[in-house]
Amino acid sequence: MNSLPTKIFYSLTGATLVASMLSCVSQKKSGERKQYNIVYIMTDDHTAQMMSCYDRRYMETPNLDRIAADGVRFTNSFVANSLSGPSRACMITGKHSCANKFYDNSTCVFDSSQQTFPKLLQRAGYQTALVGKWHLESMPSGFDYWEILPGQGDYYNPDFNENGKQIVEQGYTTDVITDKAIEYLEHRDKSKPFCMMYHQKAPHRNWMPAPRHLGMFNNTVFPEPATLFDTYEGRGSAAIEQDMSIEHTLTNDWDLKLLTREEMLKDTTNRLYQVYKRMPADVQDKWDSVYAQRISEYRSGNLRGKELISWKYQQYMRDYLATIVAVDENIGRLLGYLEKNGELDNTIIIYTSDQGFFLGEHGWFDKRFMYEESFRTPLLMRLPGGKKGDIPQLVQNIDYAPTFLELAGAPIPADIQGESLLPLLKGERPENWRNSLYYHYYEYPAEHSVKRHYGVRDDRYKLIHFYNDIDVWELYDLQEDPHEMNNLYGKPSYEAVMKRMRDELYKLQKQYDDPVGIRFNVSD
Ligand code: SGN
Ligand code: CA
């Protein structure tokens, strides 16, 4: 292990935190201190509305709440590009998409020769591991151990790529990923600190719950979001022309599961059947009986218009939330393992997602837009001896890499664009903390038809520019209009705000050297 000289350790972490850190971090031998382990938990598409530590309206997540209660909850946490592959690339490099070059899911392959934080942690003496969803197309690099789901992965009896070997596992993917994580922890080289990236597939589309949770919300009626029937008045064509609505895009088979076994067997090429056939017979039986109720309700209901949207929204919520119950249980299991093995107080635990998600807001599912529900991502951190409570500063997923490096006592390379969150975790209030965030989404034309856009958000306003085949600007006052229904762009009374936000946007595009943004501005 590369030990951290005491002098550097003090200067890196600050006196207040060090006192408590020293009391709980075991000492290997005199003068040599163990570095914090890092357990980085990332789900796929888990939005903060569906975590009881962020939002009490929908469901209970007691194990996630425990991380929040023992640590911090970031209340203004965002991604740089709200889509899986790009978001993961930003997170692992500490850089925006324009710098790491992984712009979208459909055309990019991550250049794995580039600098990433796991590689830098390895150099600092860490043992690194990755378990679960990866989605960067090239094979993982910078990990001593990795076991990944190919592509999006399956919910039932999932295939895995284990350090290059193809295998098929039995069981439900959320449980299996946790088994593998615990297995890794059990057999790791215990003489070194570790960084384990534990990436759940759930709650990604098409939201298939664990066998034990099938139908658990069938009698629950969830409150509808205020914007479920949004008509996009006053906003540009991007919001109107998307293809991610509960009304039109959610499919009866793949998403809503409105097919009986007999119907699936008549067309075995159906995508729902392809995942259904992976289940063991007893799970298929349970599935059939649980979804029979939904199918008969749909067929006898003859619903239309808003009633049909409301009904679909309830089914969507029931499945999405049931997949999270298994995530929460498994995080409880992982925390339990760390606690039982005396590692909890040597370990920083991070809980986040690769982006937020729409759960009916604006009538949508999916993400991609710079609107709040998808731009935001949950972020909890439990640092032993660190601050507890809420952290309100603007943070972004490019900040994780420098945070982990600083915590490990490793140098933060100058080309990393994020900022270490360690001062915030120590309870400091840095005076020069950033006051705005940059965002850039590129995947268009593509599934869900969300136009390319970039934008800037400060603690009150958000400016977005949709470009490529359109040229539409939107401006929102998040304080007066938290649901982003009232586009203020072009309104004379907002001239000064528009100018200030445009200047801020161009400043960030220069700072991050975003060529698409800069090129567009030149011809603007
Ligand atoms: C799949 C889903 C999309 C989703 C993308 C990206 N379609 O293609 O709804 O937006 O993944 O998600 S599905 O028909 O296959 O379910 S991401 O989280 O990996 O970026
Ligand atoms: Ca995702």
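## Calcium site

In this predicted model, the calcium ion (ligand 2) takes its protein donors from Asp44 (OD), Asp45 (OD), Asp354 (OD), Asp354 (OD) and Gln355 (OE1), at 2.2 to 2.7 Å. Asp354 is thus listed twice among these donors. Along the sequence, the donor residues follow the spacing D-D-x308-D-Q.

The ion has six donor atoms, and the angles among them run from 52 to 174 degrees, so the site is classed as irregular, given that an octahedral assignment requires opposite donors over 155 degrees apart and all other angles between 65 and 115. For reference, ideal angles for six octahedral donors are 90 or 180 degrees. Asp354 has 0% relative accessibility and therefore counts as buried. Gln355 likewise counts as buried, because its relative accessibility is 0%.

## Strand 10 and its neighbours

Strand 10 covers residues 194–199, and six of its six residues are buried. Both faces are covered: Phe194, Met196 and Tyr198 lie on one side, with Cys195, Met197 and His199 on the other.

Strand 10 pairs with two strands described here. With strand 3 (residues 37–43) the pairing is parallel and comprises five bridges; Met42 stands opposite His199 of strand 10. With strand 6 (residues 127–133) the pairing is also parallel, over six bridges. Within that pairing, Ala129 has Met196 as its bridge partner, while Val131 is partnered by Tyr198.

## Strand 6 and strand 7

Strand 6 is largely enclosed by the rest of the structure, because seven of its seven residues are buried. Strand 6 is also joined to strand 7 (residues 145–149) by five bridges, and these two strands run parallel. In this pairing, Leu130 stands opposite Trp146 of strand 7.

## Backbone exceptions

Most residues other than glycine have a negative phi, and most peptide bonds are trans. Several positions in the model depart from this pattern.

Two cis peptide bonds may be noted. One runs from Arg205 to Asn206, with omega near 15 degrees; Asn206 belongs to the loop between strand 10 and helix 8 (237–241). Another joins Tyr444 and Pro445, with omega at about 0 degrees, and Pro445 is found in the loop between strand 15 (437–441) and strand 16 (453–457).

Positive phi values occur at Tyr232, near 65 degrees, and at Arg368, about 75 degrees. Tyr232 lies in the loop between strand 10 and helix 8, and its relative accessible area of 11% is under the 20% limit, so the residue is buried. Arg368 is placed in the loop between strand 11 (347–353) and helix 13 (372–375); because its relative accessibility is 4%, Arg368 counts as buried.

## Overall dimensions and packing

The protein contains 17 helices and 18 strands. Its radius of gyration is 23 Å, which agrees with the value near 24 Å for a compact globule of 524 residues. Taken along the principal axes, the C-alpha atoms fill a box of roughly 75 × 65 × 40 Å.

Of the 524 residues, 63% are buried. Among contacts between residues at least 6 apart in sequence, 68% join residues at least 24 apart. The accessible surface comes to about 19700 Å², and carbon and sulfur atoms contribute 49% of that area.

Terms used
Residues numbered from 1 in each chain as written. Chains lettered and ligands numbered in written order. Predicted model: local features only at pLDDT ≥ 70, side-chain atom pairs only at ≥ 80, totals over all residues. Heavy atoms only, no water. Buried < 20%, exposed > 50% of the residue type's maximum accessible area, 1.4 Å probe, protein only. Helix = DSSP H or I, 4+ residues; strand = E, 2+ residues; numbered from the N terminus. Pairing = 2+ DSSP bridges. Donors = N, O, S within 2.8 Å, 3.2 Å for Na, K, Ca; no water. Tetrahedral: all angles 85-135°; square planar, octahedral: opposite > 155°, others 65-115°. Rg over C-alpha atoms; globule rule 2.2 N^0.38 Å. Contact = heavy atoms within 4.5 Å. Areas by Shrake-Rupley, 256 points an atom, 1.4 Å probe, with all protein chains shown as cover.
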